[in-house]
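User: I should like a close look at one part of this protein, namely its sheet and how the strands in it are joined. Please take me through that part step by step.

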Amino acid sequence: MGFLKNAFKDAMKPRVDIKIIAGGHVLTDKELNVPIKNATLFKGEEKGTVVSQIPFGDKKPFTFKGISWEPASSRSAGKAAAGAIAGTLAAGPLGTIAGAAVGGKKKDESTAFLTLVDREGIEHEIHIECTKQQYSQIANLPYV
């Protein structure tokens, strides 16, 4: 009964799914032959703490030290041109403008460095893909 109670309690906590670029190996104590690319962070038991969980893996608590966000985006000229052509064919000159705008939409390539401290007091930095919305969610997660 205690297992189900704890599982339900963890399921109701605020959580954020993250995509890992580098440093994910610190999120588990298990020896893995493949890099960790995805994980979930959720609020820890105490204020200022988070717990990481890798898919089909264990949960590991950390003290949240901080997150620094590096905004970046790109735009595809090829997709803008293709959108302009398709727009012209569909709706004439106004379609050209609309097609170019839709086809050349910015792609968010922002990243962040997540700083966590483990139980032994060792500081770890994890490089993750991170939108502005995710940054806000992660920054507030330990304090919700």
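Analyst: In this predicted model, six strands form a closed barrel in the order β1-β2-β3-β4-β7-β8, and their pairing is antiparallel. From one strand to the next, the twist averages 50°. Helix α3, residues 132-140, packs on the sheet and touches β1, β2, β4, β7 and β8. The direction of α3 makes about 135° with that of β4.

It helps to recall how such strands are held together. Strands of a sheet pair through backbone hydrogen bonds, either parallel or antiparallel.

The barrel may now be followed strand by strand. Strand β1 covers residues 15-22 and strand β2 covers residues 38-43; the two pair in the antiparallel sense over five bridges. One such link is that of Arg-15, whose bridge partner in β2 is Phe-42.

The next step leads from β2 to β3, and these strands run antiparallel, joined by four bridges. Here Thr-40 has Gln-53 in β3 as its bridge partner. The two strands form a hairpin with five residues between them, and in its turn Gly-48 has a positive phi of about 85°. Strand β3 itself is mostly covered, as four of its five residues are buried.

Strand β3 also pairs with β4, in the antiparallel sense and over five bridges. Gln-53 appears again at this point, with Lys-59 as its bridge partner in β4. The hairpin of β3 and β4 has five residues between the strands, and Phe-56 there takes a positive phi near 55°.

The loop between β3 and β4 also holds Gly-57. Is this residue buried, partly exposed or exposed? Its relative accessible area is 21%, and buried would mean under 20%; Gly-57 is therefore partly exposed. Gly-57 and Lys-30 lie 27 residues apart in sequence, while their C-alpha atoms are 8.4 Å apart in space.

Finally, the barrel may be placed in the whole chain. The protein chain has three helices and eight strands, and from the N terminus on its elements run α-β-β-β-β-β-α-β-β-β-α. Of its 144 residues, 38% are buried. Among contacts with a separation of 6 or more, 58% come from residues 24 or more positions apart.

Technical notes:
Residues numbered from 1 in each chain as written. Predicted model: local features only at pLDDT ≥ 70, side-chain atom pairs only at ≥ 80, totals over all residues. Heavy atoms only, no water. Pairing = 2+ DSSP bridges. Axes fitted to C-alpha atoms, helices over the stretch in contact; angles between N-to-C directions. Contact = heavy atoms within 4.5 Å. Buried < 20%, exposed > 50% of the residue type's maximum accessible area, 1.4 Å probe, protein only.
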